[in-house]
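Thank you all for coming; please have a look at the structure on the screen, and I will then walk through a few of its features, one after another.

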Amino acid sequence: MNKKMIKGCKRIKKKEFELLSRISPRHATEVLYKRTFGREINLEHPRYFSEKLHYLKLNNYYNNPLITACIDKYTVKSYMSCVGKGELCAKLYGVYDKPSEIEWEKLPNQFIVKCTHGCGYNIVCHNKQKFNVPTAEKKLMKWMKDDYWVKYAETQYRFVRKRIIVEEYLGDNLVTYRFCCFHGEPKIIYVQPDEEGKNYIDYFDVNWKKLDYRWAGWRSAPVPPSRPKMLCEMQKIAGELSKGFPFVRIDLYETCDHIYFSEFTFVPAGGIMRFEKKRTARLLGSWIDI
(Lines give C-alpha, C1' and ligand atoms only; values in the text may rest on other atoms or scores of the structure.)
Protein backbone atom coordinates (compact mmCIF):
# COMPACT_ATOMS: atom_id res chain seq x y z
CA MET A 1 0.00 0.00 0.00
CA ASN A 2 1.48 3.38 -0.97
CA LYS A 3 1.82 6.36 1.38
CA LYS A 4 -1.19 8.20 -0.01
CA MET A 5 -3.44 5.20 0.49
CA ILE A 6 -2.21 4.69 4.06
CA LYS A 7 -2.74 8.34 4.92
CA GLY A 8 -6.27 8.18 3.58
CA CYS A 9 -7.02 5.08 5.68
CA LYS A 10 -5.70 6.37 9.02
CA ARG A 11 -9.21 7.10 10.29
CA ILE A 12 -10.86 4.08 8.75
CA LYS A 13 -13.95 2.93 10.64
CA LYS A 14 -14.34 -0.48 12.26
CA LYS A 15 -16.66 -1.93 9.61
CA GLU A 16 -14.52 -0.53 6.81
CA PHE A 17 -11.41 -2.04 8.36
CA GLU A 18 -13.09 -5.43 8.66
CA LEU A 19 -14.07 -5.24 4.99
CA LEU A 20 -10.50 -4.34 4.09
CA SER A 21 -9.30 -7.36 6.10
CA ARG A 22 -11.47 -9.62 3.94
CA ILE A 23 -10.30 -8.02 0.70
CA SER A 24 -6.61 -7.70 1.53
CA PRO A 25 -5.22 -8.78 4.93
CA ARG A 26 -1.87 -7.29 3.94
CA HIS A 27 -3.32 -3.83 3.26
CA ALA A 28 -5.37 -4.02 6.45
CA THR A 29 -2.20 -4.89 8.37
CA GLU A 30 -0.40 -1.89 6.86
CA VAL A 31 -3.23 0.41 7.98
CA LEU A 32 -3.34 -1.14 11.47
CA TYR A 33 0.41 -0.81 11.94
CA LYS A 34 0.48 2.78 10.72
CA ARG A 35 -2.39 3.72 13.00
CA THR A 36 -0.71 2.12 16.03
CA PHE A 37 2.95 3.01 15.59
CA GLY A 38 2.81 6.10 13.40
CA ARG A 39 5.14 4.62 10.81
CA GLU A 40 4.88 2.28 7.86
CA ILE A 41 5.44 -1.41 8.41
CA ASN A 42 8.41 -3.03 6.69
CA LEU A 43 7.23 -6.44 5.57
CA GLU A 44 10.11 -6.96 3.17
CA HIS A 45 12.81 -6.63 5.82
CA PRO A 46 11.00 -6.69 9.20
CA ARG A 47 13.03 -5.63 12.21
CA TYR A 48 10.73 -4.85 15.12
CA PHE A 49 8.87 -7.48 17.14
CA SER A 50 5.44 -6.51 15.82
CA GLU A 51 6.70 -6.32 12.24
CA LYS A 52 7.98 -9.87 12.43
CA LEU A 53 4.75 -11.13 14.00
CA HIS A 54 2.74 -9.57 11.18
CA TYR A 55 5.13 -11.06 8.63
CA LEU A 56 4.62 -14.52 10.13
CA LYS A 57 0.87 -13.96 10.30
CA LEU A 58 0.64 -13.11 6.61
CA ASN A 59 3.16 -15.64 5.30
CA ASN A 60 3.63 -18.60 7.65
CA TYR A 61 0.35 -18.84 9.54
CA TYR A 62 -2.24 -18.25 6.81
CA ASN A 63 -4.23 -21.45 6.18
CA ASN A 64 -1.61 -23.43 8.09
CA PRO A 65 -3.27 -26.62 9.45
CA LEU A 66 -0.87 -26.89 12.41
CA ILE A 67 -1.41 -23.28 13.49
CA THR A 68 -5.17 -23.66 13.05
CA ALA A 69 -5.19 -26.80 15.19
CA CYS A 70 -3.21 -25.07 17.95
CA ILE A 71 -5.40 -21.97 18.24
CA ASP A 72 -8.76 -23.75 17.93
CA LYS A 73 -9.85 -24.17 21.54
CA TYR A 74 -11.34 -27.58 20.77
CA THR A 75 -8.80 -29.17 18.42
CA VAL A 76 -5.88 -27.98 20.56
CA LYS A 77 -6.90 -30.60 23.13
CA SER A 78 -6.26 -33.36 20.57
CA TYR A 79 -2.99 -31.70 19.61
CA MET A 80 -1.91 -31.60 23.25
CA SER A 81 -2.67 -35.30 23.59
CA CYS A 82 -0.66 -36.05 20.44
CA VAL A 83 2.42 -34.32 21.88
CA GLY A 84 2.04 -36.09 25.23
CA LYS A 85 0.62 -33.13 27.18
CA GLY A 86 -3.06 -34.02 27.31
CA GLU A 87 -3.02 -34.12 31.11
CA LEU A 88 -2.46 -30.35 31.16
CA CYS A 89 -5.85 -29.61 29.57
CA ALA A 90 -8.99 -28.84 31.53
CA LYS A 91 -11.64 -31.55 31.35
CA LEU A 92 -13.99 -31.21 28.39
CA TYR A 93 -17.72 -31.61 29.09
CA GLY A 94 -18.98 -31.12 25.55
CA VAL A 95 -18.58 -29.51 22.12
CA TYR A 96 -21.47 -28.01 20.18
CA ASP A 97 -22.24 -26.27 16.90
CA LYS A 98 -24.92 -24.01 18.39
CA PRO A 99 -26.09 -22.91 21.86
CA SER A 100 -29.39 -24.79 21.64
CA GLU A 101 -27.49 -28.10 21.62
CA ILE A 102 -26.02 -27.55 25.08
CA GLU A 103 -27.63 -29.78 27.73
CA TRP A 104 -27.29 -27.32 30.59
CA GLU A 105 -29.03 -29.56 33.10
CA LYS A 106 -26.34 -32.24 32.71
CA LEU A 107 -23.44 -29.89 33.46
CA PRO A 108 -21.83 -29.67 36.92
CA ASN A 109 -22.46 -26.75 39.24
CA GLN A 110 -19.44 -24.83 37.93
CA PHE A 111 -18.08 -24.70 34.40
CA ILE A 112 -16.73 -22.42 31.64
CA VAL A 113 -18.28 -21.93 28.21
CA LYS A 114 -16.03 -20.83 25.33
CA CYS A 115 -16.25 -20.24 21.61
CA THR A 116 -13.43 -21.89 19.71
CA HIS A 117 -12.66 -19.29 17.03
CA GLY A 118 -11.17 -16.34 18.90
CA CYS A 119 -10.26 -14.74 22.22
CA GLY A 120 -12.47 -13.27 24.92
CA TYR A 121 -15.46 -15.47 24.13
CA ASN A 122 -15.81 -16.87 27.65
CA ILE A 123 -18.70 -17.29 30.08
CA VAL A 124 -17.97 -18.50 33.63
CA CYS A 125 -20.63 -20.25 35.67
CA HIS A 126 -19.83 -20.06 39.39
CA ASN A 127 -23.19 -21.45 40.50
CA LYS A 128 -25.58 -23.19 38.11
CA GLN A 129 -28.57 -22.36 40.31
CA LYS A 130 -28.00 -18.66 39.59
CA PHE A 131 -26.86 -19.09 35.97
CA ASN A 132 -29.03 -17.31 33.39
CA VAL A 133 -29.22 -19.73 30.45
CA PRO A 134 -31.20 -17.47 28.05
CA THR A 135 -28.72 -14.63 28.55
CA ALA A 136 -25.78 -16.99 27.98
CA GLU A 137 -27.35 -18.45 24.82
CA LYS A 138 -28.04 -14.98 23.45
CA LYS A 139 -24.42 -13.96 24.00
CA LEU A 140 -23.14 -17.17 22.43
CA MET A 141 -25.36 -16.70 19.37
CA LYS A 142 -23.89 -13.23 18.88
CA TRP A 143 -20.33 -14.52 19.23
CA MET A 144 -20.93 -17.37 16.81
CA LYS A 145 -21.79 -14.81 14.13
CA ASP A 146 -18.51 -12.98 14.64
CA ASP A 147 -15.66 -13.43 12.20
CA TYR A 148 -13.06 -12.80 14.87
CA TRP A 149 -10.12 -12.77 12.46
CA VAL A 150 -11.19 -9.62 10.59
CA LYS A 151 -10.95 -7.38 13.68
CA TYR A 152 -7.16 -7.16 13.40
CA ALA A 153 -6.64 -9.02 10.11
CA GLU A 154 -5.47 -12.05 12.11
CA THR A 155 -5.37 -14.53 9.27
CA GLN A 156 -4.30 -17.36 11.56
CA TYR A 157 -7.88 -17.49 12.90
CA ARG A 158 -9.55 -17.43 9.49
CA PHE A 159 -10.01 -21.18 9.09
CA VAL A 160 -10.90 -22.07 12.68
CA ARG A 161 -14.29 -23.78 12.77
CA LYS A 162 -16.83 -21.95 14.91
CA ARG A 163 -17.95 -24.16 17.78
CA ILE A 164 -18.78 -23.95 21.46
CA ILE A 165 -17.05 -25.95 24.17
CA VAL A 166 -17.90 -26.38 27.83
CA GLU A 167 -15.05 -27.34 30.10
CA GLU A 168 -13.94 -27.72 33.68
CA TYR A 169 -13.89 -24.71 36.00
CA LEU A 170 -10.41 -24.50 37.49
CA GLY A 171 -11.00 -22.06 40.33
CA ASP A 172 -11.10 -18.40 41.29
CA ASN A 173 -8.29 -15.88 40.96
CA LEU A 174 -6.13 -17.98 38.66
CA VAL A 175 -2.99 -16.22 37.47
CA THR A 176 -2.05 -16.72 33.82
CA TYR A 177 1.69 -17.04 33.25
CA ARG A 178 2.45 -16.06 29.66
CA PHE A 179 5.71 -17.54 28.38
CA CYS A 180 7.08 -15.79 25.29
CA CYS A 181 9.09 -18.42 23.44
CA PHE A 182 11.48 -17.84 20.57
CA HIS A 183 12.41 -20.88 18.48
CA GLY A 184 11.58 -23.21 21.35
CA GLU A 185 13.29 -21.16 24.06
CA PRO A 186 11.25 -19.34 26.73
CA LYS A 187 12.87 -15.95 27.23
CA ILE A 188 10.23 -13.73 28.82
CA ILE A 189 7.28 -14.28 31.14
CA TYR A 190 4.63 -11.70 31.72
CA VAL A 191 1.65 -11.41 34.01
CA GLN A 192 -1.36 -9.37 32.99
CA PRO A 193 -4.19 -9.42 35.57
CA ASP A 194 -7.74 -9.82 34.25
CA GLU A 195 -9.09 -7.14 36.60
CA GLU A 196 -11.48 -4.73 34.92
CA GLY A 197 -9.88 -1.33 34.29
CA LYS A 198 -6.51 -2.38 35.70
CA ASN A 199 -3.86 -1.76 33.04
CA TYR A 200 -1.12 -3.65 34.85
CA ILE A 201 1.56 -5.72 33.19
CA ASP A 202 4.81 -7.06 34.62
CA TYR A 203 7.64 -8.71 32.68
CA PHE A 204 10.16 -11.16 34.08
CA ASP A 205 13.03 -13.22 32.75
CA VAL A 206 13.01 -17.00 33.20
CA ASN A 207 14.63 -16.63 36.65
CA TRP A 208 11.80 -14.30 37.71
CA LYS A 209 13.96 -11.18 37.61
CA LYS A 210 11.85 -8.09 36.90
CA LEU A 211 12.45 -6.61 33.45
CA ASP A 212 12.14 -2.98 32.45
CA TYR A 213 9.61 -3.71 29.69
CA ARG A 214 6.18 -2.17 29.49
CA TRP A 215 3.47 -1.50 26.94
CA ALA A 216 2.63 2.16 26.38
CA GLY A 217 -0.28 3.15 28.63
CA TRP A 218 0.27 0.25 31.03
CA ARG A 219 1.82 0.22 34.52
CA SER A 220 3.54 -2.24 36.77
CA ALA A 221 1.28 -3.68 39.46
CA PRO A 222 1.60 -1.94 42.87
CA VAL A 223 2.42 -5.34 44.36
CA PRO A 224 4.57 -7.38 41.94
CA PRO A 225 3.30 -10.89 41.16
CA SER A 226 4.94 -13.58 43.26
CA ARG A 227 7.22 -16.16 41.71
CA PRO A 228 5.12 -19.25 40.91
CA LYS A 229 6.02 -22.37 42.87
CA MET A 230 6.29 -24.52 39.75
CA LEU A 231 8.13 -21.97 37.60
CA CYS A 232 10.86 -24.37 36.47
CA GLU A 233 8.36 -27.04 35.49
CA MET A 234 6.20 -24.52 33.61
CA GLN A 235 9.26 -23.20 31.82
CA LYS A 236 10.14 -26.73 30.71
CA ILE A 237 6.60 -27.30 29.43
CA ALA A 238 6.59 -24.00 27.54
CA GLY A 239 9.89 -24.90 25.90
CA GLU A 240 8.62 -28.30 24.80
CA LEU A 241 5.35 -26.93 23.42
CA SER A 242 7.04 -24.09 21.54
CA LYS A 243 9.55 -26.21 19.61
CA GLY A 244 9.33 -25.69 15.88
CA PHE A 245 7.69 -22.26 16.09
CA PRO A 246 9.66 -19.01 15.42
CA PHE A 247 7.57 -17.36 18.13
CA VAL A 248 4.66 -18.46 20.26
CA ARG A 249 3.30 -17.42 23.62
CA ILE A 250 2.42 -20.39 25.81
CA ASP A 251 -0.11 -19.53 28.52
CA LEU A 252 -0.19 -21.71 31.62
CA TYR A 253 -2.02 -21.75 34.96
CA GLU A 254 -0.67 -22.98 38.28
CA THR A 255 -3.04 -24.33 40.91
CA CYS A 256 -1.97 -25.64 44.32
CA ASP A 257 -0.86 -28.99 42.91
CA HIS A 258 -1.17 -28.91 39.13
CA ILE A 259 -0.19 -27.01 35.98
CA TYR A 260 -2.87 -26.40 33.38
CA PHE A 261 -2.55 -25.35 29.78
CA SER A 262 -4.47 -22.28 28.64
CA GLU A 263 -3.64 -21.51 25.01
CA PHE A 264 -1.16 -20.97 22.18
CA THR A 265 -0.96 -17.34 21.04
CA PHE A 266 1.03 -16.64 17.91
CA VAL A 267 0.26 -12.91 17.54
CA PRO A 268 -0.26 -11.39 21.01
CA ALA A 269 -2.60 -8.39 21.19
CA GLY A 270 -3.24 -8.65 17.46
CA GLY A 271 0.35 -7.59 16.83
CA ILE A 272 -0.18 -4.03 18.02
CA MET A 273 1.53 -4.09 21.41
CA ARG A 274 3.50 -0.83 21.59
CA PHE A 275 6.44 -0.92 23.98
CA GLU A 276 7.42 2.30 25.73
CA LYS A 277 11.01 1.81 24.58
CA LYS A 278 11.78 1.05 20.94
CA ARG A 279 14.86 -0.87 21.94
CA THR A 280 12.62 -3.46 23.60
CA ALA A 281 10.73 -4.01 20.33
CA ARG A 282 14.03 -4.27 18.44
CA LEU A 283 15.48 -6.75 20.95
CA LEU A 284 12.47 -9.05 20.84
CA GLY A 285 12.42 -8.78 17.08
CA SER A 286 16.09 -9.83 16.92
CA TRP A 287 15.18 -13.11 18.62
CA ILE A 288 12.92 -14.16 15.73
CA ASP A 289 14.65 -15.56 12.66
CA ILE A 290 12.51 -15.55 9.54
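If we sort the residues that line the second largest pocket by class, we find 5 nonpolar, 1 polar and 5 charged residues, and I should say at once that the model we are looking at is a predicted one. This second largest pocket has a volume of about 190 Å³. Which elements give two or more residues to its lining? They are helix 2, which covers residues 14–23, and helix 3, which covers residues 25–37. The residues that line the second largest pocket include Lys-14, Phe-17 and Glu-18, and also Leu-32, Arg-35 and Thr-36, while Lys-151, Tyr-152 and Ile-272 are among the others in the lining.

Let me stay with helix 3 for a moment and turn to its packing. In general, two packed helices are described by the angle between their axes and the distance between the axes. Here the axes of helix 3 and helix 4, the latter spanning residues 49–59, come within 11 Å and cross at roughly 165 degrees. An angle over 145 degrees counts as roughly antiparallel, and helix 3 and helix 4 are therefore roughly antiparallel to each other. As for the handedness, helix 3 passes helix 4 in a right-handed crossing.

Phe-49, the residue at which helix 4 begins, takes us to the next topic, since Phe-49 also appears in the lining of the largest cavity. How many cavities of 30 Å³ or more are there? The count comes to 1, and about 60 Å³ of space lies in the largest cavity. Besides Phe-49, the lining is made up of Cys-180, Tyr-190, Tyr-203, Trp-215, Pro-268, Met-273, Phe-275 and Leu-284. By class, the lining of this cavity divides into 9 nonpolar residues, with no polar and no charged ones.

Now to the sheets. Strands of a sheet pair through backbone hydrogen bonds, either parallel or antiparallel. One open sheet has 6 strands in the order 8-7-6-5-9-10, and the pairing is antiparallel. Its edge strands are strand 8, residues 210–211, and strand 10, residues 259–265, each of which pairs on one side only. Strand 7, residues 202–204, is joined to strand 8 by 2 bridges, and the two run antiparallel; Phe-204 has Lys-210 in strand 8 as its bridge partner.

There is also an open sheet of 4 strands, with the order 1-4-2-3 and antiparallel pairing. Strand 1, residues 92–96, and strand 3, residues 122–125, stand at the edges with a single partner strand each, so one side of each is left without a neighbour in the sheet. From one strand to the next, the twist averages 15 degrees. Within this sheet, strand 2, residues 111–115, and strand 4, residues 164–167, pair in the antiparallel sense over 4 bridges, and Cys-115 stands opposite Ile-164 in strand 4.

Methods. Residues are numbered from 1 along each chain as its sequence is written. This is a predicted model: local features need pLDDT of at least 70, side-chain atom pairs count only at pLDDT 80 or more; totals for chains, interfaces and linings use all residues. Side-chain values use heavy atoms; hydrogens and water are left out. On a 1 Å grid over the protein atoms alone, a cavity is a set of points where a 1.4 Å probe fits but cannot get out, and a pocket is an open set with protein on both sides within 12 Å along at least five of seven lines; lining residues have an atom within 4 Å of a point. Grid points are joined across faces, edges and corners, and a volume is the space filled by probe spheres set on the points. Ala, Val, Leu, Ile, Met, Phe, Trp, Tyr, Cys and Pro count as nonpolar, Asp, Glu, Lys and Arg as charged, and the others, Gly among them, as polar. Two strands pair if DSSP finds at least two bridges between them. Axes are lines fitted to C-alpha atoms, for helices over the stretch in contact, and angles run from 0 to 180 degrees between N-to-C directions. Angles under 35 degrees count as roughly parallel, over 145 as roughly antiparallel, 65 to 115 as roughly perpendicular and the rest as oblique. A crossing is left-handed if the near helix is turned anticlockwise from the far one by less than a right angle, and right-handed if clockwise.
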